[in-house]
Amino acid sequence: MNVRDSEAVAAMLEAAGHERCGSEEDAELVIVNSCTVRDKAEQKAIGKTGYLTAERLGRGRSAQAKIAAGKASKLKLVGLMGCAVKRLGAEVFEKVPGLDFAAGPRKFWMIPRLVERCLAGESELLELAGDDEVPEGLGVHSDAPSGQSFQAYVTILLGCDNRCSYCIVPDVRGHEYSRPAREVVAEVRSLAERGVKEVCLLGQSVLRYGVRNKAWDESDAPSPGGYTEPFPRLLEALASIPGLERIRFTSAHPKGCTDELVRAYRSFPQVCRHLHLPVQSGSDRILGLMGRHYTRAEYLAAVKKLRDFDPEFSLTTDVIVGYPGETAEDFEETRSLMEEAGYENAFVFKYSPRPGTRAAALPDDVPTSEKERRDQVLLADQDARGLARNGRLVGTVREVLAEGPSLRNEARWSGRDSGNRIVIFDNPGSVRAGDVVKVRIERAAAQTLYGQLVC
Ligand code: 5AD
Ligand code: SF4
């Protein structure tokens, strides 16, 4: 979501007459987009921003080295955007001395104006938004060739109303708001007309699209396939757009894994056979404490539904280790759930207390060394699992959307199959980025498939 918000800001700044430059060293304006989901993420963003303001003031270590080498910094303005701004409020200016402006996640669209005001001499400008504010410019994409690609992110749902006990996202990104389907369809249509082949629909919990507020209204054409749930209906509408090869979406909650969603997967080949379905824990006790609103059995039932439809359906997940009170038995339940679900990939996070969340009131009682151990165990399990699951695909032919040459070898290209698996293949020169090609898989690693083009 932050990548998408950053893109929208870059596009708006371009429209206001600014130009992209190739590197941070050449920039006159740098805006850092921040995350606050874990403490480390926030510290990284704040640290980076502080480094930039020190650089500009000529106080940083690298700034001094540059001055010694006779190269002055070109940096004129430093801004901070995103979730850490909303959490910290005016305190950001204490944390980052010399910061020119800051904008919260639902206020990114104000940034071109903030830049203008700073250039006119104002400083320490702050824009935070209310929990229900609907930003402008959600659908702005770059017209400049440097910003164009065959892949695009499209925000469909803002905020989150789930309120999991550990999570700060609802506090910083506000309440759910679904963009009108008509607006989303028009945006994707115009992207497809400009050569976009793959869109990824974004929201904290996309399967809740159209739940809090209506996404469809009576004046919209009825669903030809008789879809009544807003999200599958959106997939149906997007699948009719000419030129659009692939539709992805993230992230999902198992509650939204309905029969209609599976029907949409079955009916529309453009809808990729991959779902990022964060589980967080395999222990019913911990899931209850987390306020996730599903049990292990309900989660696994959603997995079964998807794999019954397509045994190769690709599933990825997020897991938190070391939630307050997580015992060795709870952890083993997470391990066994991950094995049963058979994930293609998993992101493991060490629990980090976030101020103001319900879980932050509980003692953070799993020692860091134990969190680290649990993290390593799950990653090692996942490596073995990924290798075994990918191994089953050796000998099959995958449809791959070519993305571009690998960094080390121009002739080795990388792309992704419908399941979001990375596929490396030799490009004799005939394949261009954005082409869909067939690749026969010859070798598998835990997170990568290797193969040859099939003519
Ligand atoms: N500590 C650790 N991980 C967290 N996540 C969300 N909040 C926390 C927290 N307080 C993880 C969840 C979520 C992912 C984006 O970040 O796994 O799915
Ligand atoms: Fe956070 Fe839960 Fe919402 Fe995900 S669903 S953003 S974990 S509150």
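Student: What makes the pair between Q280 and an oxygen atom of ligand 1 a polar contact?

Tutor: A polar contact is a pair of N or O atoms within 3.5 Å. Here an N or O atom in the side chain of Q280 is 2.7 Å from an oxygen atom of ligand 1, so the pair fits that definition. R38 also qualifies, with a polar side-chain atom 2.9 Å from a ligand 1 oxygen. Bear in mind that this is a predicted model, where local features need pLDDT of at least 70 and side-chain atom pairs count only at pLDDT 80 or more, while totals for chains, interfaces and linings use all residues. Side-chain values use heavy atoms, with hydrogens and water left out, residues are numbered from 1 along each chain as its sequence is written, and chains are lettered from A and ligands numbered from 1 in the order written.

Student: What makes Y166 part of the surroundings of ligand 1?

Tutor: A residue counts as near if one of its heavy atoms lies within 4 Å. Y166 has a polar backbone atom 3.1 Å from a nitrogen atom of ligand 1, so Y166 passes. Others around ligand 1 include D318, F349 and R354.

Student: Which domains give residues to the lining of the second largest pocket, and why does that place the pocket where it is?

Tutor: Domain 1 (2–127) and domain 2 (151–391) both contribute, so the pocket lies between them. Those bounds come from an automatic or database domain assignment.

Student: Which residues are closest to the centre of that pocket?

Tutor: R38, K40, K350, Y351 and S352, out of 15 lining residues.

How values were computed:
A polar contact is a pair of N or O atoms within 3.5 Å; within protein, one must be able to donate a hydrogen and the other to accept it, and residues adjacent in sequence count only if both atoms are side-chain atoms. On a 1 Å grid over the protein atoms alone, a cavity is a set of points where a 1.4 Å probe fits but cannot get out, and a pocket is an open set with protein on both sides within 12 Å along at least five of seven lines; lining residues have an atom within 4 Å of a point.
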